[in-house]
Amino acid sequence: MDLLVEKIHNGTVIDRIEAFSSLRVLEILNLNSKNKDSSKYRIAAVINVPSKKLGKKDILKIEGKTLSPDEVNKIALISPSATVNLIENEKVASKNTVTLPKEISKIASCPNPNCVSHNNKSISRFQNEDGNLRCRFCERVFEANELIL
Ligand code: ZN
């Protein structure tokens, strides 16, 4: 694996992402061409490499960006198995697992086609009830991976 990507100096390594999910993780962190701020980060995506725990996994290395706790927890919507290591001076400064936030607002829209927040992320709100997410508008309960990102 190390032969693919150089070490990062300061930034974030997101490890144990479900295979082929890393691009969706970038999307949910708003690291994409739509966000001008993204151009200052160097990002490596390592996709579908062997993992002892998962069989196969993705890894993201983001040089120059430290994720906030909120950003870390957004990742749980896509890959609850992920771990997030913050790197300072080439050393792991902290290791975090992701947890689904108590409330998820304006990140994902509701899968229910009859719901007012179905195609409208900007108003969407879900409440975390023991790992399932209840839509504030239609009150249906969904699993995290059912939400539309
Ligand atoms: Zn809904």
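**Exercise 1.** Does aspartate 70 count as buried or exposed, and at what relative accessibility?

*Solution.* This is a predicted model, in which local features need pLDDT of at least 70, side-chain atom pairs count only at pLDDT 80 or more, and totals for chains, interfaces and linings use all residues. Residues are numbered from 1 along each chain as its sequence is written, and side-chain values use heavy atoms, with hydrogens and water left out. Begin with the cut-offs: buried means under 20% relative accessible area, exposed over 50%, and partly exposed in between, with a 1.4 Å probe and protein chains only. Aspartate 70 has 60% relative accessibility and therefore counts as exposed. Next, place the residue: aspartate 70 lies in helix H2, residues 69-74, helices being DSSP runs of H or I with at least four residues, numbered from the N terminus.

**Exercise 2.** Classify cysteine 110 and cysteine 135 by burial, then state how many disulfides the structure holds.

*Solution.* Cysteine 110, at 0% relative accessibility, counts as buried. Cysteine 135 is likewise buried, with a relative accessible area of 1%. For the second step, a disulfide is a pair of cysteine sulfur atoms within 2.5 Å, and the structure holds 0 of them.

**Exercise 3.** Identify the residues that touch the most other members of the largest nonpolar core.

*Solution.* A nonpolar core is a set of buried Ala, Val, Leu, Ile, Met, Phe, Trp, Tyr and Cys residues joined through side-chain atoms within 4.5 Å. Of the 31 residues in the largest core, those touching the most other members are Ile14, Val25, Leu29, Ile75, Leu77, Val84 and Phe126. Helix H1 gives the most to this core, with 3 residues.

Methods. Helix = DSSP H or I, 4+ residues; strand = E, 2+ residues; numbered from the N terminus.
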